[in-house]
Amino acid sequence: MAEDADPARKSIGARRNPDSADAILEAAEAVLVEAGYAGFSIEAVARRARAGKPTIYRWWPSKAALLLEVYQRQKRVDVPDTGRLEEDLVGFLKNLFTHWRETSSGSVFRSLIAEAQSDDAASAALADYALGRRSHTGQMVERARARGEIAADIDSALVADLIASFAWRHLLTNRLDEDEATIRKAVNYVMRGIAVPGK
């Protein structure tokens, strides 16, 4: 079987052919929209993209890796930098919930989390992604530390995990329409534990 069923898009080995990769990612997005997570498979994506399964597996070693790249490709969430950690975290969560609610990326990420419960490759891919996100969210905490807003011994990665836990719980229970007052209350509880007194 040919690596790429479409002769117009030739494989260029382990290095991704940008045209083929885009076609595969677009096909993966389309399959998710049309068939949902239950109908998502590498076979369905290969048919839709007119690509060979070996090509897809060479560039994405598992279904989870492909889903994760689809998610990252769709994700557009602004991270505020207001000069106050509480406002940054509230703004970030509001933006994230809106994005998950108003695009298909919320269902994609929910599917990834579900896949990770029974698939080692999905679990590893999700763990790697979460590590990167922890570092990214932790940058907000590090900025607050540099401003003297939070105690010097605060573990920014752990604070990022607390924020992610709040977000993931709302995603998994389909409560993405949470009002700002509730989001602010949750962030305020975190802030009480990490803020320098009087700040």
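This report looks at a pocket, a helix and several individual residues in a predicted model.

**The largest pocket**

The largest pocket holds about 260 Å³ of space, and 19 residues line it, of which A130, R133, R134, A164 and W168 lie nearest its centre. The elements that each give two or more residues to this lining are α5 (85-102), α7 (120-146) and α8 (156-172). Among the contributors, α7 provides the largest share, with seven residues. When the lining residues are sorted by class, 14 are nonpolar, one is polar and four are charged.

**Helix α8 and its buried side**

Helix α8, one of the elements that line the pocket, has 17 residues and reaches 24 Å from its first C-alpha to its last, which is close to the 24 Å expected at 1.5 Å a residue. Which residues of α8 are buried? They are S156, V159, A160, I163, F166, A167, H170 and L171. These residues cover an arc of only 140° around the axis, which puts them on the same side of α8. A general property of helices is helpful in reading such a list: an α-helix has 3.6 residues a turn, so residues three or four places apart point the same way. What covers the buried residues of α8 includes α5, α6 (105-116), α7 and α9 (180-194).

**Residues compared by accessibility**

The table gives the relative accessible area of five residues, together with the element in which each one is found.

| Residue | Location | Relative accessible area | Class |
|---|---|---|---|
| H170 | helix α8 | 2% | buried |
| L176 | loop between α8 and α9 | 6% | buried |
| E115 | helix α6 | 14% | buried |
| R50 | loop between α2 (42-49) and α3 (53-59) | 48% | partly exposed |
| N174 | loop between α8 and α9 | 56% | exposed |

The classes follow from two cut-offs, because a residue counts as buried under 20% relative accessible area and as exposed over 50%, with partly exposed in between. With a value of 48%, R50 is therefore partly exposed, whereas N174, at 56%, counts as exposed.

**Contacts of the buried residues**

The contacts described here leave aside residues up to four places away in sequence. H170, in helix α8, touches F97, R175, L176 and E178. L176, in the loop between α8 and α9, touches F97, W100, R101, H170 and L171, again not counting residues up to four places away in sequence. F97 is thus a contact of H170 and also a contact of L176. How far apart are L176 and H99 in sequence and in space? They are 77 residues apart in sequence and 9.4 Å apart in space, taken from C-alpha to C-alpha. E115, which is found in helix α6, is in contact with Y37, K63 and A122 when its neighbours within four places in sequence are left aside.

**Two residues with a positive phi**

Most residues other than glycine have a negative phi, and most peptide bonds are trans. Against that background, R50 has a positive phi of about 55° although it is not a glycine, and R50 is found in the loop between α2 and α3. The phi of N174 is likewise positive, near 55°, in a residue other than glycine, and N174 is found in the loop between α8 and α9.

How values were computed
Residues numbered from 1 in each chain as written. Predicted model: local features only at pLDDT ≥ 70, side-chain atom pairs only at ≥ 80, totals over all residues. Heavy atoms only, no water. 1 Å grid on protein atoms, 1.4 Å probe; cavity = no way out; pocket = protein on both sides within 12 Å on 5 of 7 lines; lining within 4 Å. Points joined across faces, edges and corners; volume = space filled by probe spheres on them. Helix = DSSP H or I, 4+ residues; strand = E, 2+ residues; numbered from the N terminus. Nonpolar A, V, L, I, M, F, W, Y, C, P; charged D, E, K, R; others polar. Expected span 1.5 Å × (residues − 1). Buried < 20%, exposed > 50% of the residue type's maximum accessible area, 1.4 Å probe, protein only. Arc of directions from axis to C-beta. Contact = heavy atoms within 4.5 Å.
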